[in-house]
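Visitor: I am new to reading protein models, and I would like a close look at one part of this one, the nonpolar core and what lies around it. Could you take me there step by step, beginning with the whole and then moving inward?

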Amino acid sequence: EIVCSIDNHYSIGGQGDRIANAIMLSGNQKASLVHIALEDIPVCGTNEEILSNHSLDSLSIANRIKETFLAR
């Protein structure tokens, strides 16, 4: 089981953290979480440039999810 979480802000304290906690509390050891979120201070630029730079654009997100499924 793969759960994907996408936050449009920093990863700490976001939706992904709550999902990770819920998975842990459920005891489901087969579930893994792909948590996609901002990890660095955002660069300046247009929305498209910023999302692309931080791998939060649609193509980067799709590729990360695809890689996760192929790795299983």
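Guide: Let us begin with the surface, where the protein exposes about 5300 Å², of which carbon and sulfur atoms supply 55%. Please keep in mind that this is a predicted model. The C-alpha atoms fill a box of roughly 40 × 30 × 15 Å when it is taken along the principal axes, and of the 72 residues in the protein, 25% count as buried.

The secondary structure comes to three helices and two strands, and if you read along the sequence you will meet them in the pattern β-α-β-α-α. Contacts also link distant parts of the chain: among those between residues at least 6 apart in sequence, 58% join residues at least 24 apart.

Now we can move inward to the part you asked about. The largest nonpolar core has six residues, namely I2, V34, I36, L38, L56 and I61. Strand β2, which covers residues 32–38, gives the largest share of this core, three residues. In soluble globular proteins, nonpolar side chains tend to be buried together.

I36 is a good core member to pause at, since you can trace its surroundings in the model. Leaving aside residues up to four places away in sequence, I36 touches S5, I6, D7, S55, L56, I61, R64 and I65. Two of these partners, L56 and I61, are themselves listed in the core.

From there, turn to C4, which lies in strand β1, residues 2–10. With the same neighbours in sequence left out, C4 touches V34 and I65, and V34 is one of the core residues. C4 itself has a relative accessible area of 33%, and because buried means under 20% and exposed over 50%, C4 is described as partly exposed.

The last stop is I19, which belongs to helix α1, residues 15–26. I19 has a relative accessible area of 23%, so this residue, too, is partly exposed. Again not counting residues up to four places away in sequence, I19 touches V3, S5 and L33. S5 is also among the residues that I36 touches, and you can therefore follow a path of contacts from I19 through S5 to I36, given that contact means heavy atoms within 4.5 Å.

Two C-alpha separations help to place I19 in relation to strand β1. I19 and S5 are 14 residues apart in sequence and 7.8 Å apart in space, while C4 and I19, 15 residues apart along the chain, are separated by 9.3 Å.

Technical notes. Residues numbered from 1 in each chain as written. Predicted model: local features only at pLDDT ≥ 70, side-chain atom pairs only at ≥ 80, totals over all residues. Heavy atoms only, no water. Core = buried A, V, L, I, M, F, W, Y, C linked by side-chain atoms within 4.5 Å. Buried < 20%, exposed > 50% of the residue type's maximum accessible area, 1.4 Å probe, protein only. Helix = DSSP H or I, 4+ residues; strand = E, 2+ residues; numbered from the N terminus. Areas by Shrake-Rupley, 256 points an atom, 1.4 Å probe, with all protein chains shown as cover.
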